[in-house]
Amino acid sequence: MKYLCQVFFEPSALEAMSAEEKRQLDRDSLAYDRQLIESGHMIAAQALQHPKTAVTVRVRSGETAMTDGPFAETKEQLGGFILIDAKDLNDAVRVAAGIPLAKIGSIEVRPIYAIPAEM
């Protein structure tokens, strides 16, 4: 089964890190990605740019509206994702717990909804 592990953290937590701490976090994250590839869990992973670079798009009554920034009005913002293949939710949670950013943020684990092909 496929699960999306959404990585949330406060951007200020990263901004407060030293350059070396950021490099170490990047090294740890890439090393964990390699472990997930070797274990067969990894499907895809990407880090996102700062939330300030985001735009939110809405279509209402046929009109497209765009606003700057992420939609969520929270301190924690989506910082990246890892799409994994796990045997069940417990396996997905175990994988998510190993994500280095879980130490300063949170990881939302959500099963992927498979849209039936006969629609």
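This is a short talk through a few local features of one protein model.

Okay, hi everyone. One thing before we start: what we have on screen is a predicted model, so please keep that in mind throughout.

Let's begin with a pair of strands. Strand β3 covers residues 55-60, and strand β4 covers residues 63-68. The two run antiparallel, with six bridges joining them. If you want one pairing to look for, take Arg58: its bridge partner in β4 is Ala65. Together β3 and β4 make a hairpin, and there are two residues between the strands.

Now, what is unusual about Ser61? You'll find Ser61 in the loop between β3 and β4. Its phi is positive, about 50°, even though Ser61 is not a glycine. For background, most residues other than glycine have a negative phi. So is Ser61 buried or exposed? Ser61 counts as exposed, because its relative accessibility is 78%, and the cut-off for that word is over 50%.

Let's stay with this hairpin a moment longer and look at the surface. Which residues form the nonpolar patch there? They are Val55, Val57, Val59 and Met66. Put together, these residues have about 380 Å² of accessible area. Strand β3 supplies the largest share of the patch, three residues. Val55 is a handy one to click on. Val55 sits in β3, and with a relative accessible area of 44% it is partly exposed.

Right, on to charges. How many salt bridges does a search of the whole structure find? The answer is four, and I'll show you some of them.

Start at Glu20, please. The side chain of Glu20 meets that of Arg23 in a salt bridge, at 3.1 Å from N to O. Both residues are in helix α2, which spans residues 19-39. Why can these two reach each other along the helix? Well, Glu20 and Arg23 are three residues apart in α2, so about one helical turn separates them.

Glu20 has another partner too: it forms a salt bridge with Arg27, and there the closest N and O atoms are 2.6 Å apart. As for accessibility, Glu20 is partly exposed at 39%, Arg23 is partly exposed at 44%, and Arg27 also counts as partly exposed, at 38%.

Further along the chain, Arg110 and Glu108 form a salt bridge, with 2.4 Å between the closest N and O atoms. Arg110 counts as partly exposed, at 47% relative accessibility, and Glu108 is partly exposed as well, with 28%. Going back to α2 for a second, the salt bridges there share partners, and they join Glu20, Arg23 and Arg27 into one network.

Last stop: Gly105. Where is Gly105? Gly105 lies in the loop between α3 (89-97) and β6 (106-111). What does Gly105 touch, leaving aside its neighbours within four places in sequence? Its contacts are Phe8, Phe9 and Glu76. Take Glu76 as the example: Gly105 and Glu76 are 29 residues apart in sequence, but in space their C-alpha atoms are 7.5 Å apart.

So, to recap the places to click on: the hairpin of β3 and β4 with Ser61 and its positive phi, the nonpolar patch with Val55 and Met66 among its members, the network of Glu20, Arg23 and Arg27, and Gly105 with its contacts, including Phe8. That's me done, thanks!

Note on methods: Residues numbered from 1 in each chain as written. Predicted model: local features only at pLDDT ≥ 70, side-chain atom pairs only at ≥ 80, totals over all residues. Heavy atoms only, no water. Patch = residues over 30% accessible without salt bridge, like charges linked within 9 Å, V, L, I, M, F, W, Y side chains within 5 Å. Areas by Shrake-Rupley, 256 points an atom, 1.4 Å probe, with all protein chains shown as cover. Helix = DSSP H or I, 4+ residues; strand = E, 2+ residues; numbered from the N terminus. Buried < 20%, exposed > 50% of the residue type's maximum accessible area, 1.4 Å probe, protein only. Contact = heavy atoms within 4.5 Å. Pairing = 2+ DSSP bridges.
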